[in-house]
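Got the model open in your viewer? Let's take a walk through it, one piece at a time.

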Amino acid sequence: MIDIQPTMNDKQVMDFVFTGYVMLESVVSEAFNRQCETVPGGGMSDFVCTDEFRRNVLLHPEVAGVVRSLLGSNFLVPITAHHHLYEAPHQGQTWHSDGLTETGYGVTHLQCYYYPQAVKIEDGPTMILPGSHCRLVDREAIAHYGEILGQVSLTVPAGTVALTCYGIWHKAGPKFNSKRRGMIKFSYFRLHPPKRDWVIESDEIPAYRNPGRHPYVTEVESYRDRRRCMNTWEWLCGQDKIEMGFDREYLFSRGIPLNEIKWN
Ligand SMILES: O=C(O)CCC(=O)C(=O)O
Ligand SMILES: [Fe+2]
């Protein structure tokens, strides 16, 4: 099997549990970014399955190192992607989470956003709400929200990959120019139960430490968030007390198991 080394430690995984995302800035090479700049908008499949796309993006040691840390040593590698390409100015999307967000508190699906070109605030960056992956909602129920305290605009250098917990609330932000703004979105899925799959510095499993409260969270809701984060941490460490397990048959899970990929 292709050897992917985990890159995250306990602290970084706890941060992911709290925020619901990891940013890897400028990890993809300039040469490969340039190849992706001209990809048409919409569904992508052939290019995604090439050795080139796998080596430069999907199995890039830093990108796949995060995936391996959060989903285990063997996982489903994307075979499709969607290029969210905007050119004309627009007022931005409404807040939503994609498709049918899974229930429960496990980490089974990482949805990634890859930006081949730099994105500035006027280019219509993706916006996300840190910590919102804990709040499973009906997407129509959040569409009317405007600015939310703590929202983050992903203004990024070229070659950045954001890895997010699938349920995170997000949207394309407003765009004020006619420049191409591309974002290639793809997903990895878990194949096996979690067992503290990241870099282990000590066999002793640290207790989850909550870094604080997201700016939009009030007192009572913060207890619920903290409890959910603790559940996620314990689940990822293979210490789940409630035996939630996970169901491999997700509605959207598509991909090729890492252990079936051979370089051509
Ligand atoms: O293009 C973006 O920044 C986000 C697009 C998106 O979330 C969607 O269309 O579902
Ligand atoms: Fe979306």
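What follows goes from a strand to a small sheet, a ligand shell, a helix pair and a residue late in the chain.

Keep in mind that this is a predicted model. Start with strand E5, which covers residues 109-115. Is this strand enclosed or open to the outside? Count neighbours and you get your reply: 7 of its 7 residues are buried, so E5 is largely enclosed by the rest of the structure. Here, buried takes 20 or more other C-beta atoms within 10 Å of a residue's own.

Now look at where the side chains of E5 go. In a regular strand, side chains alternate between the two faces of the sheet. In E5, His109, Gln111, Tyr113 and Tyr115 point one way, while Leu110, Cys112 and Tyr114 point the other way. Both sets are buried.

Which strands does E5 pair with? One partner is E10 (residues 181-190), joined to E5 in the antiparallel sense over 6 bridges. If you want a spot to zoom in on, Tyr114 stands opposite Ile184 of E10. Another partner is E8 (residues 160-165), also antiparallel to E5, again over 6 bridges. There, Tyr113 has Ala162 as its bridge partner.

Next comes a separate bit of pairing to trace. Three strands make an open antiparallel sheet, in the order E7-E6-E9. E7 (152-153) and E9 (170-172) are the edge strands, each pairing on one side only. E6 (residues 126-128) meets E9 in the antiparallel sense over 3 bridges, and one place to see this is Ile128, whose bridge partner in E9 is His170.

His170 also turns up around ligand 1. The other residues there are His84, Asp98, Thr126, Ala172 and Met183. Sorted by class, that shell has 2 nonpolar, 3 polar and 1 charged residues.

On to the helices. Two packed helices are described by the angle between their axes and the distance between the axes. For H1 (residues 10-19) and H6 (residues 219-236), the axes come within 9 Å and cross at roughly 140°. That angle makes H1 oblique to H6, since only angles over 145 degrees count as roughly antiparallel. The crossing of H1 and H6 is right-handed.

Last stop: Asn264, in the segment after strand E11 (256-257). Is Asn264 buried or exposed? With 6 other C-beta atoms within 10 Å, Asn264 is exposed. Asn264 and Glu52 are 212 residues apart in sequence, yet their C-alpha atoms are 10.0 Å apart in space.

Terms used:
Residues numbered from 1 in each chain as written. Chains lettered and ligands numbered in written order. Predicted model: local features only at pLDDT ≥ 70, side-chain atom pairs only at ≥ 80, totals over all residues. Buried ≥ 20, exposed ≤ 12 C-beta atoms within 10 Å, placed from the backbone. Helix = DSSP H or I, 4+ residues; strand = E, 2+ residues; numbered from the N terminus. Pairing = 2+ DSSP bridges. Near = placed C-beta within 6 Å. Nonpolar A, V, L, I, M, F, W, Y, C, P; charged D, E, K, R; others polar. Axes fitted to C-alpha atoms, helices over the stretch in contact; angles between N-to-C directions. Parallel < 35°, antiparallel > 145°, perpendicular 65-115°, else oblique. Left-handed = near helix turned anticlockwise from the far one by under 90°.
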